[in-house]
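Here are some exercises on helix packing, burial and nonpolar cores. Grab the model, try each task yourself, then walk through the solution.

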Amino acid sequence: GGQVLALVIARTLLGEDLPYGPLGGLVAFTALSNVALTRWGRPGSSSWHLPAVLVLDVLILAVMLAAAGGASNPFTVFFLVHVALAALLLEVRQVWAVVALTVGAFAALFWVPSSHGGHHHHHEQGSMSTHLIGMWIAYALSAAFVGYSVGRVSRAIRDRDRRLAEAASLAAQNQRLATLSSFSANAAHELGTPLATIGLAAKELSIALGRGASADELLPDAE
């Protein structure tokens, strides 16, 4: 929806001369892939699922930017969103792979002809070209910083959650053991009274038998 709105504004309000057909096709492909992943995708079913989706998103964004101004398009900043998502969801090596992919995709946009002229950005001279190169350097540094810092925070949170889960599991186990101990104590108490009575009667039977008591004397203790 946001991509469609951006295309509508570019055409109606800004009057940009863009290849709206191919751009609309990319938007449609993005929408269809989202529907397919929502209905049939199984996140977490394999180690490559999330990295593959992020790589696809980066490539779609790069092609859209290439068709809409290249490196001069201000929406190049959205590459950083994919880096942040990778830092939150992926392992360290995969995060740095996404960082390298986005930095490379941004750099490749300098080889795309400008929408306002036929020359390549890397052939341009002057402040605009210097500004774009500065934007690329700033992006590369920002992507590395976000990938590192957000990844560190995300891993710290996951470690904390794992420790809390382990502590909760240990507390639950201790609670079960305490309940079992209480049950065992109650059971021992309930069994202890009749067993003590039986032991006392058996002792009296033994003493009575020792002195040669009659059956009539032994019968009450036996009962």
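**Exercise 1.** Decide whether P22 counts as buried or exposed.

*Solution.* Start with the number: P22 has 52% relative accessibility, so it counts as exposed (buried is under 20% relative accessible area, exposed over 50%, partly exposed in between, with a 1.4 Å probe and protein chains only). Next, place it: P22 is found in helix α2 (helices are DSSP runs of H or I with at least four residues, strands are runs of E with at least two, and both are numbered from the N terminus). Finally, look across the chain: the C-alpha atoms of P22 and M64 are separated by 8.5 Å, though the two residues sit 42 apart in sequence.

Before you go on, a word on ground rules: this is a predicted model, where local features need pLDDT of at least 70 and side-chain atom pairs count only at pLDDT 80 or more, while totals for chains, interfaces and linings use all residues. Residues are numbered from 1 along each chain as its sequence is written, and side-chain values use heavy atoms, with hydrogens and water left out.

**Exercise 2.** Do the same for G24 and L18: find where each lies and give its burial class.

*Solution.* Take G24 to begin with. It lies in helix α2, and its relative accessible area of 31% makes it partly exposed. Its C-alpha atom is 29 Å from that of L89, 65 residues away along the chain.

Now L18, which lies in the loop between α1 (2-12) and α2. With a relative accessible area of 14%, L18 is buried. Leaving out residues up to four places away in sequence, L18 touches A10, L23, A67 and A68 (contact means heavy atoms within 4.5 Å). For A67, the C-alpha separation from L18 is 7.3 Å, with their positions 49 residues apart along the chain.

**Exercise 3.** Work out how α2 and α3 are oriented to each other.

*Solution.* First get the geometry: helix α2 (residues 20-40) and helix α3 (residues 49-66) pack at about 165°, with axes 10 Å apart (axes are lines fitted to C-alpha atoms, for helices over the stretch in contact, and angles run from 0 to 180 degrees between N-to-C directions). That's why α2 and α3 are roughly antiparallel (under 35 degrees is roughly parallel, over 145 roughly antiparallel, 65 to 115 roughly perpendicular, and the rest oblique). Then list who meets whom: L23, L26, V27, F29, T30 and L37 of α2 face H49, V53, L56, I60, V63 and M64 of α3.

**Exercise 4.** Now try α3 and α5: how are they oriented?

*Solution.* The axes come within 10 Å and cross at roughly 10°. So α3 is roughly parallel to α5. On the α3 side you'll find P51, V55, V58 and A62, and on the α5 side Q94, L101, T102 and A105.

**Exercise 5.** Which residues have the most contacts inside the largest nonpolar core?

*Solution.* That core has 24 residues, and the answer is F79 and Y139 (a nonpolar core is a set of buried Ala, Val, Leu, Ile, Met, Phe, Trp, Tyr and Cys residues joined through side-chain atoms within 4.5 Å). Then see who contributes: α3, α4 (79-89), α5 (92-108) and α6 (127-210) each give two or more residues. The largest share, six residues, comes from α5. Last, check F79: among the residues it touches are V58, L65, F106 and Y139.
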